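Reader: I would like a close look at a single part of this protein, namely the charged side chains that pair with one another. Please take me through them with care, and say how well each one is covered.

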Amino acid sequence: MKTYNISRRLIAFVITLASLSTAVMAQYNNSSYFMEGMYYRHNLNPAFAAERNYINMPLFMLGNFNVGMQGNIGVDDFIYPYNKNGYSLTTFMNPSVDAKEFLSRLQKNNIVNLNVSMPIIAFGFGGWGGFNTFEIGLKTNAAVNLPYDLFAFAKNGVADSRITEYDITDLRVRATAYAEVALGHSRKFLDNKLAVGVKLKALIGAGNVDAHVRHLKVTMSEDRWKIQGDGEVNGSVSGAYFKYDEDGEIDGFDVDKAGVGGFGGAIDLGAQYDFKDLVPGLKVSAAILDLGFINWKKGVRATIKDEYTFDGFKEPIVIDPDDDDPGKLDNQIDQIGDDLEDLFQLKEDKNPKSRTTSLGATLNIGAEYALPMYKNLRFGFLSSNYINGPFSWSEARFSANVAPVKWFEASVNYGMGKFGSSFGWVLNFHPKGFNFFIGSNHTFGKLTPQGVPVGNANAHINLGFNITWGQKKI
């Protein structure tokens with residue numbers, strides 16, 4: 001039985017996501033969009049066919065392991081070096097961290113997205129007039145949107161008595177885990193100039209948690225703060241129920257048994273056109289991915305109390321004068337979490353209902369051009385737009401792709417978007433018999449002494465090994 005705490009880990013959640021950049025790095029591998037030898041390009045556009053039949057290695061789930069993170073904030077926005085050697089760390093709440101400097105590094109909305117996907121079983125084969133794919137996989141998506149005023153209140157609420165009111169709006173925390181069963185088919189028309197594809201997906205929901213604070217008005221009243229709140233927390237996990245602390249306040253929820261939380265469906269649509277008769281070497285393509293939903297069974301639901309009082313954020317952990325150490329970082333984060341538990345007070349809804357959530361859809365539009373004098377060198381432009389409410393983002397990526405021999409190709413690319421700029425790369429080995437690839441959309445550079453990337457929480461890794469057979473089909 002595992003306890004899920006709802007409110008006390010809010011800031012700890014975003015700090016942890018940012019810190020995980022070294023181990024779990026965003027969306028599908030956009031860096032591979034224009035690489036014809038990549039066997040899983042159909043995840044980016046279902047019109048793309050693999051060059052041979054293939055099957056993944058289900059025992060290791062490494063046929064197409066993809067894990068990524070995106071954000072407009074990073075761990076160094078919340079965690080600071082404390083002493084001269086930089087190996088002792090403290091949080092932004094330490095009085096040694098200047099409030100103006102800390103807050104100047106934040107955005108109006110501070111967002112981090114984390115995505116993990118891996119196939120359990122995946123294979124593709126030619127037949128029925130085109131190319132077919134089948135996959136059973138696992139996906140997990142987590143995202144957090146923390147408004148600027150939440151941190152301004154945490155940092156200045158006690159220290160600056162001149163500010164007597166804060167408005168915290170549109171705070172969101174969302175996490176979804178589900179299994180996906182997908183069947184895809186692509187085929188060509190018009191003398192192989194037009195390729196179209198469709199992929200149908202059955203979704204089996206494991207769980208979903210969605211916390212939304214629409215409005216939290218914080219007003220100074222004598223020696224404490226008066227809170228007026230509007231928001232809710234929904235947890236759709238089979239066997240979930242709320243836990244209460246010794247004061248009778250909700251302290252998260254437990255899950256007493258595993259099970260299916262809901263069912264849904266989705267569709268991918270895509271097309272590519274080769275202008276070989278008009279402009280030899282030019283291809284354009286477009287795809288819409290994950291148009292779908294999951295209907296969740298009854299779970300747990302709570303709303304923020306209409307009005308209550310808050311004593312304010314406690315003083316940070318006292319620094320040990322003997323070793324000039326601010327205390328263990330985990331304890332510091334725990335203390336912030338304890339204060340947040342008091343800030344967001346919930347009341348249980350005794351009659352929760354089933355609900356439906358949509359998947360985040362992605363629109364990809366691409367264009368590529370192969371050089372007439374060396375057709376193995378192609379340049380591409382990909383526009384990606386992810387549509388998911390407050391967690392939406394856009395990116396433009398330019399790439400150079402080369403295939404010097406039949407069994408190897410590589411890509412280097414540069415992306416610009418909502419979460420900043422990034423350098424991507426892919427290496428793909430695809431001789432007859434097997435396929436191995438490794439690449440990244442976001443390659444991090446400078447690291448802290450603790451091995452954590454400096455800057456926004458953008459990092460990504462995609463790798464896979466598959467068995468292939470048959471003659472080339474593209």
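Author: What follows is an account of the salt bridges, with a short look at a nonpolar surface patch at the end. Please keep in mind that this is a predicted model, and that a search of the whole structure finds 20 salt bridges. Side chains of opposite charge can pair when their charged atoms come close.

One of the salt bridges joins the side chains of Asp76 and Arg105, with an N to O distance of 3.1 Å. Asp76 sits in the loop between strand S3 (65–71) and strand S4 (79–81), while Arg105 belongs to the loop between helix H2 (99–104) and strand S6 (109–127), so this pair ties together parts that are 29 residues apart in sequence. As for cover, Asp76 counts as buried because its relative accessibility is 14%, under the 20% that sets the limit for that class, whereas Arg105, with a relative accessible area of 28%, is partly exposed.

A further pair is made by Arg174 and Asp210, whose side chains meet in a salt bridge at 3.7 Å, N to O. Here the partners come from strands, Arg174 from strand S8 (residues 165–189) and Asp210 from strand S9 (residues 194–221), and the pair therefore ties together parts that are 36 residues apart in sequence. Arg174 is counted as buried at 17% relative accessibility, and Asp210 is buried as well, with a relative accessible area of 13%.

Strand S9 also holds Arg214, which forms a salt bridge with Asp230, the closest N and O atoms being 3.4 Å apart. Asp230 lies in strand S10 (residues 224–237), and the pair links distant parts of the chain, 16 residues apart. Arg214 counts as partly exposed at 34% relative accessibility, and Asp230 counts as partly exposed at 37%. Beyond these pairs, Lys139, Glu180, Lys201, Asp268 and Asp290 are joined into one network by salt bridges that share partners.

For a view of the surface without charged partners, one can turn to Phe381, Phe398, Val412, Tyr414, Met416 and Phe423, which form a nonpolar patch with about 550 Å² of accessible area together. Strand S22 (residues 408–417) gives the most to this patch, contributing three residues. Met416, which has its place in strand S22, counts as partly exposed at 39% relative accessibility.

Technical notes. Residues are numbered from 1 along each chain as its sequence is written. This is a predicted model: local features need pLDDT of at least 70, side-chain atom pairs count only at pLDDT 80 or more; totals for chains, interfaces and linings use all residues. Side-chain values use heavy atoms; hydrogens and water are left out. Patches are made of residues with over 30% relative accessible area and no salt bridge: like charges are joined within 9 Å, nonpolar side chains (Val, Leu, Ile, Met, Phe, Trp, Tyr) within 5 Å. Accessible areas come from the Shrake-Rupley method with a 1.4 Å probe; for residues, only the protein chains shown count as cover. A salt bridge is a side-chain nitrogen of Lys or Arg within 4 Å of a carboxyl oxygen of Asp or Glu. Helices (H or I, at least four residues) and strands (E, at least two) are DSSP runs, numbered from the N terminus. Buried means under 20% relative accessible area, exposed over 50%, partly exposed in between (1.4 Å probe, protein chains only).
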